[in-house]
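Work through the following exercises with the model open beside the text. Each one sets a task and then solves it step by step.

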Amino acid sequence: MKAATDGGTAAPLGVYVHFPYCERVCPYCDFVVAGRARARIDHRGYADAVLAELARRGQALAGRPLASVYFGGGTPSLWEPREVGRVLEAIVRRAGSTSDLLEVTLEANPSSLDLATARALVAAGVDRLSLGVQSLDAGRLAFLGRDHDPAGARAAVEAALRSGARSVNVDLIFGVATADGVETPDEAAREARGLAALGPEHVSAYALTIEERTLFGKRARAGSLPLAPEEHVAESFVAVAEALEAQGLGHYEVSNYARPGRESRHNLGYWHGGDYLGLGCGAVGALARPDGSARRYKNETRAAAYVRAALAGEPHETESEELGPETRLRERILLGLRLEEGLDLEAAAHALGVEPWPPARRRAAAELEATGRLTREGGRLRVPRAARLYTDGIAAALF
Ligand code: SF4
C-alpha cells in the first residue's frame with residue numbers, strides 16, 4: 001500500500017490496517033499472523049492500539065483526500081464489526097476529506113463470515129469484502145489447511161453478495177499438488193469458472209508459493225511435500241486467465257481480474273506508486289517527500305508487543321528504510337508492469353526527477369522488445385499477455 005506525504009501534496013492516500021489474528025495458521029502462510037480463538041482476542045484493546053498509532057501518525061493524512069482503507073490480515077472478519085467501525089470512523093475523521101470513490105475493503109475468511117457479520121461490517125462502513133476461498137475442492141482445501149469446506153465457501157460468498165457490499169472479491173490458489181495428485185490446468189480452469197459463477201465482481205488468482213519459514217517450507221525441504229511441476233503451474237496460469245476472461249472478468253493485473261469498474265482501487269494505488277499509511281501490528285507504510293524520496297517503515301510484528309508499545313506511546317517500528325528516487329523508480333517499474341495498462345516510465349521518471357533511459361535500461365528494453373516480452377508506445381511500457389507470467393523477471397531486467 002501507499003501512504004501520505006511528509007511534505008503535504010494533495011495526492012490521494014490509502015490506509016492499510018493490519019489485523020494479525022487467525023483462528024488457525026495455514027501451513028503455507030508467511031504473513032504476520034498470530035493463531036488465536038475469536039473469543040480470546042482483545043477486540044477493543046487492539047482497536048485502541050491502532051487508534052493510538054493513528055493519533056501519532058495521523059498528520060500524514062492532513063490535506064490529502066482519503067482514497068481507500070484496507071483491513072487486511074490475518075483475518076479481519078474475526079474483528080468485532082463495531083471495533084472495525086470505530087477504527088474506520090477515526091481514520092475518516094482524521095482525513096478530513098475523502099475521495100468520492102472512497103473504497104473500504106475488509107478481508108474475510110469463509111469460516112468467519114455469515115450474513116449477519118457481513119451486514120454488520122457493511123453497516124460499519126465496509127463496502128468491499130474480500131474472501132479467502134482459495135478452492136472449491138474439499139481435498140485441496142484440506143491440503144491447504146483451510147478451516148472451511150466447499151459448502152462453507154459458497155455460503156460465505158453468497159452472504160457477502162447479499163450483504164449490500166458494493167463489491168466482492170474471492171481469492172483462488174492454483175498449482176496445488178496433493179497426495180492424490182497434481183491439479184491439472186483443466187481442473188484449475190474448472191475451479192476458476194466455478195468461483196466466477198458464484199458472481200463476485202473480482203477474483204484474485206495466485207499460484208501456490210512455498211515460503212521458507214512455513215510448515216510447507218519445512219516439508220518441502222524434507223522432501224515430503226507434493227509439488228506441482230513449474231510448467232504445469234505456467235499452463236494453469238494461462239488456463240485460469242482464459243476461464244476468468246471468458247466469464248467477463250478482465251485480467252487487469254498479473255494476479256487480478258475484475259468486472260469493468262470493479263478493480264481494487266486500494267491495490268491500484270500501490271501499483272500506481274501512490275502513498276500509503278500502514279497501521280497495526282506488522283503493517284508497512286510508505287510516505288513520499290516532495291523531493292522524490294520516501295520513507296518506508298514496518299511495525300512490530302508480535303501482536304502483544306505492538307499493542308503494549310502503541311498504547312504506551314512508545315516506538316513500535318522495527319524497520320525504517322529511506323528510498324531514493326532511483327529506487328522508487330525501480331519499484332514503479334516492478335509494480336507498474338504488473339498492470340495490463342503498463343507503466344508510463346517517462347512520466348514516472350519525470351515526477352521523481354530522474355533519468356528514464358540510462359543506457360543499460362535502453363539496451364535491456366530493446367532486447368525485451370525484440371523477443372516479444374515488452375511493448376513500447378511513447379514512454380509507456382507494457383508486458384504482452386503471452387509474457388505476463390514472467391513480469392517480475394522482465395521488470396528486473398529493466399532495473
Ligand atoms: S487465514 Fe490467511 S492470513 Fe490467516 S493463516 Fe491462513 S493464509 Fe494466513
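**Exercise 1.** Classify the mutual orientation of helix 1 and helix 10, and describe their contact.

*Solution.* Helix 1 and helix 10 are oblique to each other, because their axes (lines fitted to C-alpha atoms over the stretch in contact, with angles from 0 to 180 degrees between N-to-C directions) cross at roughly 50 degrees. Angles under 35 degrees count as roughly parallel, over 145 as roughly antiparallel, 65 to 115 as roughly perpendicular and the rest as oblique. Helix 1 spans residues 43–57 and helix 10 residues 303–312, and their axes come within 8 Å; helices here are DSSP runs of H or I with at least four residues, strands are runs of E with at least two, and both are numbered from the N terminus. The model is a predicted one, in which local features need pLDDT of at least 70 and side-chain atom pairs count only at pLDDT 80 or more, while totals for chains, interfaces and linings use all residues. Residues are numbered from 1 along each chain as its sequence is written, and side-chain values use heavy atoms, with hydrogens and water left out.

In the contact (heavy atoms within 4.5 Å), Gly45, Tyr46, Asp48, Ala49, Val50, Ala52, Glu53 and Arg56 of helix 1 meet Tyr306, Val307, Ala310 and Leu311 of helix 10.

**Exercise 2.** Describe the geometry of the aromatic pair formed by tyrosine 46 and tyrosine 306.

*Solution.* The search of the whole structure finds 12 aromatic pairs, where rings of Phe, Tyr and Trp (its six-membered ring) pair if their centres lie within 6.5 Å, and planes under 30 degrees apart count as stacked, over 60 as edge-to-face and the rest as tilted. For tyrosine 46 and tyrosine 306 the centres are 6.0 Å apart and the planes make 50 degrees, a tilted pair. Tyrosine 46 lies in helix 1 and tyrosine 306 in helix 10, 260 residues apart, and the pair thus links distant parts of the chain.

**Exercise 3.** Determine how helix 11 runs relative to helix 12.

*Solution.* The axes of helix 11 (residues 325–336) and helix 12 (residues 345–352) come within 10 Å and cross at roughly 155 degrees. This angle makes helix 11 roughly antiparallel to helix 12. Pro325, Arg328, Leu329, Arg332 and Ile333 of helix 11 make the contact with Leu345, Ala348, Ala349 and Leu352 of helix 12.

**Exercise 4.** Locate the cis peptide bond between glycine 73 and glycine 74.

*Solution.* The bond from glycine 73 to glycine 74 is cis, with omega near 15 degrees. Glycine 74 sits in the loop between strand 4 (66–73) and helix 2 (81–95).
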